Amino acid sequence: MRIVLKAEEVNDAALRDFVVLAERAGLPPVDLAELTVELAEAHFRAGDVAGATDMCLRAGDLAETCGRPDLLARAALTIRGIGDWRSGSVIADLCERALRL
């Protein structure tokens, strides 16, 4: 599943609602993980580093549950070129988890 969103189409509330609706609709966890990584990428492209970081954490948790190190690594590599401490620690954590999986 590949969803392409333009940066100007990103709306925090709508994206969160979309993920909640996908969960309620029974989307398989692996598809939900892929969707959540896509949403993290959309947040990052839109300049919403905090939103991207939150989505990366969620995607990482889902990917780990599904046993998908590739998705965990993709979540880890979504945020780049950012020097804030929270994103840096999240990236390091996701990378370590992907390597252990």
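Q: How do α3 and α4 run relative to each other, roughly parallel or roughly antiparallel?
A: Roughly antiparallel. This is a predicted model.

Q: What's the angle, and how far apart are the axes?
A: About 170°, with the axes 8 Å apart. Angles over 145 degrees count as roughly antiparallel, hence the label.

Q: Where do α3 and α4 sit in the sequence?
A: Helix α3 covers residues 49–66. Helix α4 covers residues 69–76.

Q: Which residues meet there?
A: From α3, C56, A59, G60 and A63. From α4, L71, L72 and A75.

Q: How do those divide into nonpolar, polar and charged?
A: The contact of α3 with α4 has six nonpolar residues, one polar and no charged.

Q: C56 is in that contact. Buried or exposed?
A: Buried, because its relative accessibility is 1%. The cut-off for buried is under 20%.

Q: And C95?
A: C95 is partly exposed, at 30% relative accessibility.

Q: How many disulfides in the whole structure?
A: Zero.

Q: Let's zoom out. How many helices and strands?
A: Five helices and zero strands in the protein chain. Along the sequence the pattern reads α-α-α-α-α.

Q: What share of the chain is buried?
A: 39% of the 101 residues.

Q: And how much surface does the chain expose?
A: About 5500 Å². Carbon and sulfur atoms supply 58% of that area.

Q: What about contacts between residues at least 6 apart in sequence: what share joins residues at least 24 apart?
A: 67% of them, within the protein chain.

Q: Back to single residues. Where is T36?
A: In helix α2, which spans residues 29–45.

Q: Is T36 buried or exposed?
A: T36 counts as buried, since its relative accessibility is 0%.

Q: What is T36 in contact with?
A: V19, M55, R58, A59 and L62, leaving aside neighbours within four places in sequence. Of these, A59 also takes part in the contact of α3 with α4.

Q: Now R97. Which helix?
A: Helix α5, residues 85–100.

Q: Is R97 buried or exposed?
A: R97 is buried, with a relative accessible area of 8%.

Q: What does R97 touch?
A: G60, D61, E64 and L72, not counting residues up to four places away in sequence. G60 and L72 appear in the contact of α3 with α4 too.

Q: How far is R97 from A73?
A: 8.5 Å, C-alpha to C-alpha. In sequence, R97 and A73 are 24 residues apart.

Q: And the E64 to R97 distance?
A: 7.9 Å between C-alphas, with their positions 33 residues apart in sequence numbering.

Q: Which helix holds E64?
A: E64 lies in α3.

Q: What does E64 touch?
A: R97 and L101, again not counting residues up to four places away in sequence.

Q: How accessible is E64?
A: E64 is partly exposed, with a relative accessible area of 32%.

Q: One more: where is P28 found?
A: In the loop between α1 and α2. Helix α1 is residues 12–24.

Q: What is the accessibility of P28?
A: 39% relative accessibility, so P28 counts as partly exposed.

Q: How far is P28 from C66?
A: 9.6 Å in space, C-alpha to C-alpha. P28 and C66 are 38 residues apart in sequence.

Terms used. Residues numbered from 1 in each chain as written. Predicted model: local features only at pLDDT ≥ 70, side-chain atom pairs only at ≥ 80, totals over all residues. Heavy atoms only, no water. Disulfide = S-S within 2.5 Å. Buried < 20%, exposed > 50% of the residue type's maximum accessible area, 1.4 Å probe, protein only. Helix = DSSP H or I, 4+ residues; strand = E, 2+ residues; numbered from the N terminus. Contact = heavy atoms within 4.5 Å. Areas by Shrake-Rupley, 256 points an atom, 1.4 Å probe, with all protein chains shown as cover. Axes fitted to C-alpha atoms, helices over the stretch in contact; angles between N-to-C directions. Parallel < 35°, antiparallel > 145°, perpendicular 65-115°, else oblique. Nonpolar A, V, L, I, M, F, W, Y, C, P; charged D, E, K, R; others polar.
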